[in-house]
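Q: I would like a close look at one part of this chain, with enough of the rest to place it. Please keep the account plain and tie it to the residues.

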Amino acid sequence: MHSFSSIEGGFSRSMGIIVNNLNSNSPAIYGLRGASMTKGQFIAGSFVWSVDSFIPCVLPRWGGGKYLSDKVLQACNENGKIGYVVLLGVP
């Protein structure tokens, strides 16, 4: 998980990565494909979660991954309506 933040209304957001095989030791099989943003709200004693994905159009690697950095960043204003997701890759 990368770039965790809290916003108004009891919401929180965090960024993660989307891969083909998380348990692989080989970059080709690991297959980094993009990022996911997880948004949670604390309601009646538990979190309710939703997920959105970001799959950028960058050069593919052999084995199904993409030329992307696994360091995903995000920033948004206090009410969460305007935000940015940053992924470094090879176009």
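The part I have in mind is the hairpin of β3 and β4. How many residues lie between the two strands, and which residues are in contact with Ser-36?

A: What follows starts with the whole chain, turns to the hairpin, and then covers the remaining parts. The model is a predicted one.

The chain contains six strands and one helix, and their order along the sequence is β-β-α-β-β-β-β. Along the principal axes, its C-alpha atoms fill a box of roughly 45 × 25 × 15 Å. Of the 91 residues in the chain, 29% are buried. The exposed surface of the chain comes to about 6000 Å², and 59% of this is supplied by carbon and sulfur atoms. Among contacts with a separation of 6 or more, 40% are between residues 24 or more positions apart.

Now the hairpin. Strand β3 covers residues 32-43, and strand β4 covers residues 46-54. The two strands pair in the antiparallel sense, with nine bridges. One of the facing positions is Thr-38, which stands opposite Val-51 in β4. Two residues lie between β3 and β4.

Ala-44 is in that turn, in the loop between β3 and β4. Its phi is positive, about 50 degrees, although Ala-44 is not a glycine. Most residues other than glycine have a negative phi. Ala-44 counts as exposed because its relative accessibility is 84%, and the cut-off for exposed is over 50%.

Ser-36 belongs to strand β3. With 13% relative accessibility, Ser-36 falls under the 20% limit and therefore counts as buried. Its contacts, leaving aside neighbours within four places in sequence, fall in two runs of the sequence. One run is Ser-14, Met-15, Gly-16, Ile-17 and Ile-18. The other is Val-51, Asp-52 and Ser-53. Strand β2 spans 11-19, while β4 spans residues 46-54. Val-51, named here as a contact of Ser-36, is also the residue that Thr-38 stands opposite.

The hairpin also contributes to the surface. Phe-42, Phe-47 and Trp-49 make up a nonpolar surface patch, and together they have about 350 Å² of accessible area. Trp-49 is in strand β4. Trp-49 counts as partly exposed because its relative accessibility is 46%, between the limits of 20% and 50%.

Before the hairpin, Ser-24 sits in the loop between β2 (11-19) and α1 (27-30). Ser-24 is buried, as its relative accessible area is 16%. Apart from neighbours within four places in sequence, Ser-24 is in contact with Ile-29 and Tyr-30.

After the hairpin comes the loop between β4 and β5, where Gly-63 has its place. Gly-63 is partly exposed, with a relative accessible area of 43%. The C-alpha atoms of Gly-63 and Arg-13 are 31 Å from each other, and these residues are 50 positions apart along the chain.

The model has one salt bridge, in which the side chains of Lys-71 and Asp-70 meet at 3.2 Å, N to O. Lys-71 is exposed, with a relative accessible area of 54%. Asp-70 counts as partly exposed at 31% relative accessibility.

Strands β5 (residues 73-76) and β6 (residues 83-86) run antiparallel and are joined by four bridges. They also form a hairpin, with six residues between them. In its turn, Gly-80 has a positive phi of about 80 degrees. Cys-76 stands opposite Gly-83 in β6.

Cysteines are the last point. Cys-76 counts as partly exposed at 26% relative accessibility. Cys-57 is exposed, with a relative accessible area of 78%. The disulfide count for the model is zero.

To return to the request: two residues lie between β3 and β4. The contacts of Ser-36, its neighbours within four places in sequence left aside, run from Ser-14 to Ile-18 and from Val-51 to Ser-53.

Technical notes
Residues numbered from 1 in each chain as written. Predicted model: local features only at pLDDT ≥ 70, side-chain atom pairs only at ≥ 80, totals over all residues. Heavy atoms only, no water. Buried < 20%, exposed > 50% of the residue type's maximum accessible area, 1.4 Å probe, protein only. Contact = heavy atoms within 4.5 Å. Pairing = 2+ DSSP bridges. Patch = residues over 30% accessible without salt bridge, like charges linked within 9 Å, V, L, I, M, F, W, Y side chains within 5 Å. Areas by Shrake-Rupley, 256 points an atom, 1.4 Å probe, with all protein chains shown as cover. Salt bridge = Lys/Arg side-chain N within 4 Å of Asp/Glu carboxyl O. Disulfide = S-S within 2.5 Å.
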